[in-house]
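Me: I've got a new structure to look at. Can you walk me through it?
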Amino acid sequence: MRTKKILRSMLTVVSPAIITTVLLLCAAGCDNKDYSNTSPFDNVVYLDAAQLKDVSNFTFNRTIKTGKKEISALLARPASEDINVGIKVDASLVDIYNARLGANYTMLDAKHYKLSAGQTVIPRGEISSKPVTIDFSGLIDLEIDAGYLLPITIDQVSGGMGTLGGSKTICYVVRRSSAITTAVSLKNNFFEVPGFDKGSPTAAVVNNMKQLTYEAIIRVNDFKNGVDAREISTIMGIEQYCLFRLGDAGFPAQQLQFSCNEIKFPNADNSKLLQEGEWYHVAVTFDTEKKVAVMYVDGREQSRIEDYGKGEPINLGMQNRGKDFMFKIGHSYGEPTDFSRQLDGEICEVRVWNVVRTQQEIFDNMYNVDPTTSGLCAYWKFNEGHDDIAEDYTGHGNDAHAHTSPAIWPEGIEVTQKNKE
């Protein structure tokens, strides 16, 4: 009985394509028939979007007006004729999915979506159809944080083909969220700011700073580097000068650290660890004249140090490219291809200030801030969702550029707003 339960659990997370391959191998191992062109079981049709699970979140920022999804029909193996596949929206499935999700979502009104076609074709000898596009519109009219369902299913199939029951339907949970829904992945990537190069006309805004505040929202997906613990995960700053990161030699890999002129703060403390997969707002403030630095996690003070630093102003825009370490987001030490210290996760709402933000200011504005606020020198929201450039929302012109193209903007982002709990 236990074995059966485990097998059923495994089959719910394995793609139909993999199941097909396994069954083919098992069948071929039981007799001597050549199955290179035939199958020991019936061919089936299913949706690519439902290979792993038949529910998909389509969550977007409150300012988004339109959206798009694509789905294709797949065959377990090629057929000897064209296979016509009907695809439709099936409102009768809403109650079933609500029961499964333990929710009370309403059906998405037809005025907010349109299928590019009600039928697609899997050509003879192939296993995939051309995609059917779902165009979403008028999304700004949806109620904020309300959930809507859009079940799309295979309606009919030609050629006597069957359908793979668990993967014939994809149900989109559509939600216009009040939360941040876009962030960029820094796994094997980082961002540079050419405008901070020494001599750049836009670099002066981050020079001669007697006060400093770094802020960012981060989610680390993996603190490991292969089988070994990752020593450092870089958030932003300049290596060996003014760097905000997690970890260090002899320091917990999951603890925040600020290092200015190689003076490291705070001390190692296993009670201050961040957890993988959780969103955090992190910040550090530094008054170079008062020589006080403070670390914040989710708008609350975590660590404080006095008599810190050398009493010198901070210059983030006085470094020579090719000779000095430069200001980066998600990378610090070594060659550009060395990702041993990158932040393996996502980041957004990155800010550099030339003032010390108070605890209340940080807490109140963790997830959004007026880009014209006094003292804000650079502000990368990372809300583009595409391309390789993150706009500097302050208007100072110091856009951040991805080192590796294309930058990855993961779907399904929704940052927990901890100042509204």
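Me: Is Cys 348 buried or exposed?
Reply: This is a predicted model. In it, Cys 348 is buried, and its relative accessible area is 0%.

Me: And Cys 260, buried or exposed?
Reply: Cys 260 counts as buried, at 3% relative accessibility. The cut-off for buried is under 20%.

Me: How many disulfides are there?
Reply: The count is zero. Cys 260 is in none: its nearest cysteine sulfur belongs to Cys 242 and sits 4.5 Å away.

Me: Why doesn't that pair count?
Reply: A disulfide needs the two sulfur atoms within 2.5 Å. The sulfur of Cys 242 is 4.5 Å away, so Cys 260 is in no disulfide.

Me: OK, new topic. How many residues does the largest nonpolar core have?
Reply: It has 60 residues. Those with the most contacts inside it include Tyr 214, Phe 258, Phe 327 and Trp 380.

Me: Which strand gives that core its largest share?
Reply: Strand β15, residues 211-220, with six residues.

Me: What does Phe 258 contact, leaving aside neighbours within four places in sequence?
Reply: Quite a list. Among them are Leu 212, Tyr 214, Cys 242, Phe 265, Val 284, Met 295 and Tyr 308. Lys 264 is also in contact with Phe 258.

Me: What about another core?
Reply: Another one lies apart from the largest core, with 31 residues. Ala 146, Tyr 148, Leu 150 and Tyr 172 are among them.

Me: Why would nonpolar side chains be buried together?
Reply: That is a general tendency in soluble globular proteins.

Me: Let's zoom out. How many helices and strands does the chain have?
Reply: Four helices and 29 strands.

Me: And what share of the residues is buried?
Reply: Buried residues are 48% of the 421 in the chain.

Me: What about contacts along the sequence?
Reply: Take contacts between residues at least 6 apart in sequence. Of these, 70% join residues at least 24 apart.

Me: What is the exposed area of the chain?
Reply: About 20,100 Å², with carbon and sulfur atoms supplying 48% of it.

Me: Last topic, pockets. What is the volume of the largest one?
Reply: About 830 Å³. Its lining has 35 residues. Phe 60, Asn 61, Ile 64, Thr 181 and Thr 182 lie nearest the centre.

Me: Which elements give two or more residues to that lining?
Reply: β2 (55-61) and β3 (67-71). β2 gives the most, with five residues.

Terms used. Residues numbered from 1 in each chain as written. Predicted model: local features only at pLDDT ≥ 70, side-chain atom pairs only at ≥ 80, totals over all residues. Heavy atoms only, no water. Buried < 20%, exposed > 50% of the residue type's maximum accessible area, 1.4 Å probe, protein only. Contact = heavy atoms within 4.5 Å. Areas by Shrake-Rupley, 256 points an atom, 1.4 Å probe, with all protein chains shown as cover. Core = buried A, V, L, I, M, F, W, Y, C linked by side-chain atoms within 4.5 Å. 1 Å grid on protein atoms, 1.4 Å probe; cavity = no way out; pocket = protein on both sides within 12 Å on 5 of 7 lines; lining within 4 Å. Points joined across faces, edges and corners; volume = space filled by probe spheres on them.
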